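Me: I am new to this structure and would like a close look at one part of it. Could you take me through the surroundings of the ligand and the strands beside them, step by step?

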Amino acid sequence: MTSKLLYAFASALFISKLVIVQAIREIDADFADPCVIQVGDGYYAFATRLLRELMSGTDAMPRPFPAWVAGAPAIWAPGVIQGDNGTFVMYFSASSSQDASKHCIGAATSSSITGPYTLERNPHACPLDQDGAIDANGYKDGDTYYVVYKVDGNSLDGDGTTHSTPIMLHGLNSDAISPNGGAT
Ligand SMILES: *[C@@H]1O[C@H](CO)[C@@H](O)[C@H](O)[C@H]1NC(C)=O
């Protein structure tokens with residue numbers, strides 16, 4: 001088992017051979033919101049932040065960011081899939097330039113699993129009136145791509161009341177980015 005740490009934000013970890021025989025602690029680090037994708041004969045894992053030595057080199061998601069992203073954004077919970085034409089699409093949440101305490105769901109693309117990922121100009125979903133959205137993941141069912149995410153209502157629960165946190169599902173067009181109809 002060899003592993004190589006790649007990136008700081010939307011940290012990427014390449015695992016040359018991942019054979020899971022039993023539940024073992026493979027990554028001894030704060031590896032929050034993980035996502036694993038198989039590419040060729042390897043597996044890549046992405047996480048929010050990796051609190052240990054990070055390989056020097058390019059950021060998986062270099063600036064500049066589009067206008068909807070806050071100035072010093074918190075970028076969380078990346079999920080990566082590979083689209084029909086081979087392009088890698090990353091879904092993530094980033095704090096909003098309109099209210100940095102809330103997050104919107106964005107997508108970013110790269111021709112390489114390790115990036116750099118270019119952010120789409122507009123957020124995919126930005127329900128700021130419902131306290132934003134986080135924790136996006138993409139997948140393909142049959143011929144259709146979907147992105148699923150959580151409306152972040154409970155981020156307001158500190159006021160003593162509870163807020164709903166619906167899980168939303170968007171069908172996507174074949175680019176795995178543009179919505180095909182509304183969210184359910
Ligand atoms: C490939 O797919 C990506 C994401 O779905 C899209 O942005 C890009 O334009 C596509 N490229 C070509 C050459 O069709």
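Reply: What follows goes from the ligand to one of its neighbours, then to the core and the sheet. The model is a predicted one, and in it the ligand is surrounded by Gly83, Asn85, Thr87, Val89, Thr109, Asp175, Ala176 and Ile177. Sorted by class, this shell holds 3 nonpolar, 4 polar and 1 charged residues.

Val89 is a useful residue to follow from here, since it belongs to the shell around the ligand and is also listed among the residues with the most contacts inside the largest nonpolar core, together with Met90, Tyr91 and Phe92. That core has 35 residues, and at least two of them come from each of strand 4 (42-47), strand 5, strand 6 (88-95), strand 7, strand 9 (133-141) and strand 10 (144-151). The most is given by strand 6, which supplies 6 residues. In soluble globular proteins, nonpolar side chains tend to be buried together.

Once neighbours within four places in sequence are left aside, Val89 is in contact with Val80, Ile81, Gly83, Ala107, Thr109, Gly138, Ala176 and Ile177.

As for the sheet, 4 strands form an open one in the order 5-6-7-8, with antiparallel pairing. Its edges are strand 5 (75-82) and strand 8 (118-119), each of which pairs on one side only. Strand 8 is joined to strand 7 (residues 103-110) in the antiparallel sense over 2 bridges, and Leu119 in strand 8 is the bridge partner of Ala108.

Key
Residues are numbered from 1 along each chain as its sequence is written. This is a predicted model: local features need pLDDT of at least 70, side-chain atom pairs count only at pLDDT 80 or more; totals for chains, interfaces and linings use all residues. A residue is near a molecule or strand if its C-beta atom, placed from the backbone, lies within 6 Å of it. Ala, Val, Leu, Ile, Met, Phe, Trp, Tyr, Cys and Pro count as nonpolar, Asp, Glu, Lys and Arg as charged, and the others, Gly among them, as polar. Two strands pair if DSSP finds at least two bridges between them. A nonpolar core is a set of buried Ala, Val, Leu, Ile, Met, Phe, Trp, Tyr and Cys residues joined through C-beta atoms within 7 Å. A residue is buried if 20 or more other C-beta atoms lie within 10 Å of its own, exposed if 12 or fewer, and partly exposed in between; C-beta atoms are placed from the backbone. Two residues are in contact if their C-beta atoms, placed from the backbone, lie within 7 Å.
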